[in-house]
Amino acid sequence: MPMFTEFDRAMMRLAMNEAERAREAGEIPVGAVIARNGALLCAARNTRETANDPAGHAEMNALREAARLTGSWRLGGCTLYVTLEPCCMCAGAIVQARLDRVVFGAYDEQAGCCGSLYRITEDPAFNGFVPAEGGLMAEECAALLKSGLSRA
């Protein structure tokens, strides 16, 4: 069972705020934040519908913004917090970005690749290992997701 800190909880609350903003914009309500050295680096949300971008997942948007802000695609020392377990696309990008850690809220039994269907971020076949811990504030994250899906 993962041990989450108060900082982890605070970051997940910020990710949930981003998910709410996504829901308000007509998106699937998923939010993500990236923290580095004990501080928020950036926040993002789903933009697939509004940007007509199949890669407009919250995680992808957060990774792009973190790389822009740091001036490097290598995001060592960073933790990604996301309200829903990353899919295969996002999990692959997480490995490529060399993050230190992923923390997610709700498990995605249909498409999750950080524990549910597969563990891409922890597969030794890939050039990188990013531990993923799920279930932080899972009920709240799942409720937010369901509230947005019922409006879709």
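These legends go with close-up views of a predicted model.

**View 1. The open sheet and its strand order.**
Five strands make up an open sheet here, and reading across you get β2-β1-β3-β4-β5, with mixed pairing. The edges belong to β2 (39–45) and β5; each has a single partner strand, so one side of each has no neighbour in the sheet. On average, neighbouring strands are turned by 20 degrees against each other, direction ignored.

**View 2. The antiparallel pairing of β1 and β3.**
Strand β1 (residues 31–36) pairs with β3 in the antiparallel sense, over five bridges. To get your bearings, look for Val-33, which sits opposite Tyr-81 in β3.

**View 3. From β3 over a helix to β4.**
β3 (residues 78–84) and β4 run parallel and are joined by five bridges. Between these two strands the chain passes through helix α4 (residues 88–97), giving a β-α-β crossover that is right-handed. A handy marker for the pairing is Thr-79, whose bridge partner in β4 is Arg-101.

**View 4. β4 and its pairing with β5.**
Is β4 buried or exposed? Six of its six residues are buried, so the rest of the structure largely encloses this strand. β4 also pairs with β5, in the parallel sense and over three bridges. Here, Phe-104 has Gly-134 as its bridge partner in β5.

**View 5. A nonpolar patch on the surface.**
Leu-117, Tyr-118 and Phe-126 come together as a nonpolar surface patch, and their accessible area adds up to about 300 Å². Phe-126 belongs to the loop between β4 (101–106) and β5 (132–134). With a relative accessible area of 40%, Phe-126 counts as partly exposed.

**View 6. Asn-37, a loop residue with positive phi.**
Which loop holds Asn-37? Look between β1 and β2. Asn-37 isn't a glycine, yet its phi is positive, at about 55 degrees. Asn-37 is also exposed, with a relative accessible area of 72%.

**View 7. Arg-98, just as worth a look for its backbone.**
Arg-98 isn't a glycine either, and its phi is positive at about 65 degrees. You'll find Arg-98 in the loop between α4 and β4. Its relative accessible area is 29%, so Arg-98 is partly exposed.

Methods
Residues numbered from 1 in each chain as written. Predicted model: local features only at pLDDT ≥ 70, side-chain atom pairs only at ≥ 80, totals over all residues. Heavy atoms only, no water. Patch = residues over 30% accessible without salt bridge, like charges linked within 9 Å, V, L, I, M, F, W, Y side chains within 5 Å. Areas by Shrake-Rupley, 256 points an atom, 1.4 Å probe, with all protein chains shown as cover. Salt bridge = Lys/Arg side-chain N within 4 Å of Asp/Glu carboxyl O. Helix = DSSP H or I, 4+ residues; strand = E, 2+ residues; numbered from the N terminus. Buried < 20%, exposed > 50% of the residue type's maximum accessible area, 1.4 Å probe, protein only. Pairing = 2+ DSSP bridges. Right-handed = clockwise from strand over helix to strand, strands pointing away. Axes fitted to C-alpha atoms, helices over the stretch in contact; angles between N-to-C directions.
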